[in-house]
Amino acid sequence: MDCYIYAVEKSLDSYKFNLLHNKQVFINQLKSRNLAARTIDEGAIDENGGGNFSEYVAILSGNNDLLEKAKLDKKLAVLESERQAYHRNKGNAKGKLNEKTSEIEKNNVFIGRFTKDWEYLNKVAPADAETGLRPNPLKLDGVDSDNIEILGNRLAAINQKARTEDDYMKIGTLFDFRILVRTEKSYDGDTQVLHNKFMVEGLDGIKYTYNNGYIAKEPKLAVMNFINALERIPAMIEKREKENAELSKDIPVLREIVAATWPKDAEIKQLGEELASLNRKIQLTLKPVGLHEEGKDEKVEMEKQRMVSGSDVIPDLPRQVKHVPSMVIVSPAKELKKIS
């Protein structure tokens with residue numbers, strides 16, 4: 001079923017869709033860990049110019065220093081965001097470089113081990129120039145015959161009865177290579193199934209398999225299993241070399257990214273110094289509120305004292321209270337007489 005979304009041009013619908021778009025971009029940045037430094041301001045008043053609220057406050061205040069500070073803050077925030085994104089990408093490039101370099105080194109180690117086994121095989125059992133076949137002197141433990149039927153039957157018996165408990169068991173040799181068998185477990189629903197896998201071990205411990213390790217039922221094919229496994233060595237070397245060639249394509253670019261430095265460090269440093277100098281200039285032009293109020297109170301007090309100086313008006317200022325003794329009526333020592 002098709003769903004249609006309708007919106008009206010030059011209406012609130014446009015604002016809603018833009019808001020949803022910004023939210024989705026932010027969510028995608030969080031999910032992909034591609035989120036650089038984000039600053040939250042009061043929003044842009046001028047839609048075309050992009051001026052934010054702090055810039056308009058600076059303009060209306062008449063202080064050009066405040067306006068310049070707002071512009072420097074905005075420019076510095078943008079550069080800091082770019083620097084974080086640059087270093088994050090540089091870290092990712094360094095991780096990829098280490099990963100690819102380690103993978104190439106690992107492949108080179110395997111190529112060296114494969115080459116050692118292949119050179120030894122060509123030395124002790126060179127392929128026939130006409131038929132391209134190699135000698136196959138397979139020897140199984142407990143079997144003195146080199147008859148293909150007997151060797152094939154022995155391999156079939158081992159495949160049916162061997163139980164190695166996820167360990168490797170030696171069952172024979174091919175030149176100086178060891179022939180091994182290992183019992184592996186798998187599950188078919190709730191049923192446990194045991195499989196024996198056969199392999200030939202190289203001089204350096206690498207284990208080669210043919211037909212995913214499963215032995216053929218036909219005796220001739222079963223006996224050829226191990227020489228066929230060794231014949232796969234050139235293809236394995238070629239595969240590793242192709243992987244190295246593919247991995248090496250990106251290494252020069254990654255090394256260049258890791259060795260590079262961000263070109264705007266000097267600009268950030270210069271902006272920081274300009275901003276610090278501008279902040280000092282703004283602080284010098286503004287008086288601290290506490291000192292301003294204290295000076296105002298002292299000025300008013302001096303004006304009051306100046307008004308009452310040299311006049312009969314006594315300023316109504318707080319004075320120290322003194323103790324005044326109470327009045328006592330003293331009676332005369334002698335009685336008064338009337339004089340006629």
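1. Helix α3 against helix α9. In this predicted model, helix α3 covers residues 64-124 and helix α9 covers residues 265-285. Their axes come within 10 Å of each other. The crossing angle is roughly 150°. Angles over 145 degrees count as roughly antiparallel, and α3 and α9 are therefore roughly antiparallel to each other. The crossing of α3 past α9 is left-handed.

2. Salt bridge between α3 and α9. Which residue does E267 meet in a salt bridge? The partner is K75, with an N to O distance of 3.9 Å. The cut-off for a salt bridge is 4 Å. E267 sits in helix α9 and K75 in helix α3. The pair links distant parts of the chain, 192 residues apart. E267 has 31% relative accessibility and counts as partly exposed. K75 has 42% and also counts as partly exposed.

3. Salt bridge at the loop before α9. E82 forms a salt bridge with K264. The closest N and O atoms are 3.2 Å apart. E82 lies in helix α3, while K264 lies in the loop between α8 (251-259) and α9, so the pair ties together parts that are 182 residues apart in sequence. E82 is partly exposed, at a relative accessible area of 34%. K264 is partly exposed too, at 31%.

4. A charged network. E80, R83 and D265 are linked by salt bridges into a network. By residue range, E80 and R83 belong to helix α3, and D265 belongs to helix α9.

5. A further contact across the sequence. How far apart in space are the C-alpha atoms of E68 and L278? They are 8.3 Å apart, with the two positions 210 residues apart in sequence numbering. E68 lies in helix α3. At 39% relative accessibility, E68 counts as partly exposed.

6. Helix α3 against helix α7. Helix α7 spans residues 233-248. α3 and α7 pack with their axes 9 Å apart, at an angle of about 160°. That makes α3 roughly antiparallel to α7. The handedness of this crossing is left-handed. So α3 has left-handed crossings with α9 and with α7, and the cut-off of 145 degrees makes both arrangements roughly antiparallel.

7. Salt-bridge total and one more pair. How many salt bridges does the model contain? The count comes to 15. One of them joins R182 and E184. Their closest N and O atoms are 3.8 Å apart. R182, at 22% relative accessibility, counts as partly exposed. E184 is partly exposed at 24%. Buried means under 20%, so R182 and E184 do not count as buried.

8. Nonpolar surface. Which residues make the nonpolar surface patch of about 340 Å²? They are I5, F17 and L20. I5 is placed in the segment before α1, and α1 covers residues 12-31. Is I5 buried or exposed? I5 is exposed, with a relative accessible area of 70%. The cut-off for exposed is over 50%.

Methods: Residues numbered from 1 in each chain as written. Predicted model: local features only at pLDDT ≥ 70, side-chain atom pairs only at ≥ 80, totals over all residues. Heavy atoms only, no water. Patch = residues over 30% accessible without salt bridge, like charges linked within 9 Å, V, L, I, M, F, W, Y side chains within 5 Å. Areas by Shrake-Rupley, 256 points an atom, 1.4 Å probe, with all protein chains shown as cover. Salt bridge = Lys/Arg side-chain N within 4 Å of Asp/Glu carboxyl O. Helix = DSSP H or I, 4+ residues; strand = E, 2+ residues; numbered from the N terminus. Buried < 20%, exposed > 50% of the residue type's maximum accessible area, 1.4 Å probe, protein only. Axes fitted to C-alpha atoms, helices over the stretch in contact; angles between N-to-C directions. Parallel < 35°, antiparallel > 145°, perpendicular 65-115°, else oblique. Left-handed = near helix turned anticlockwise from the far one by under 90°.
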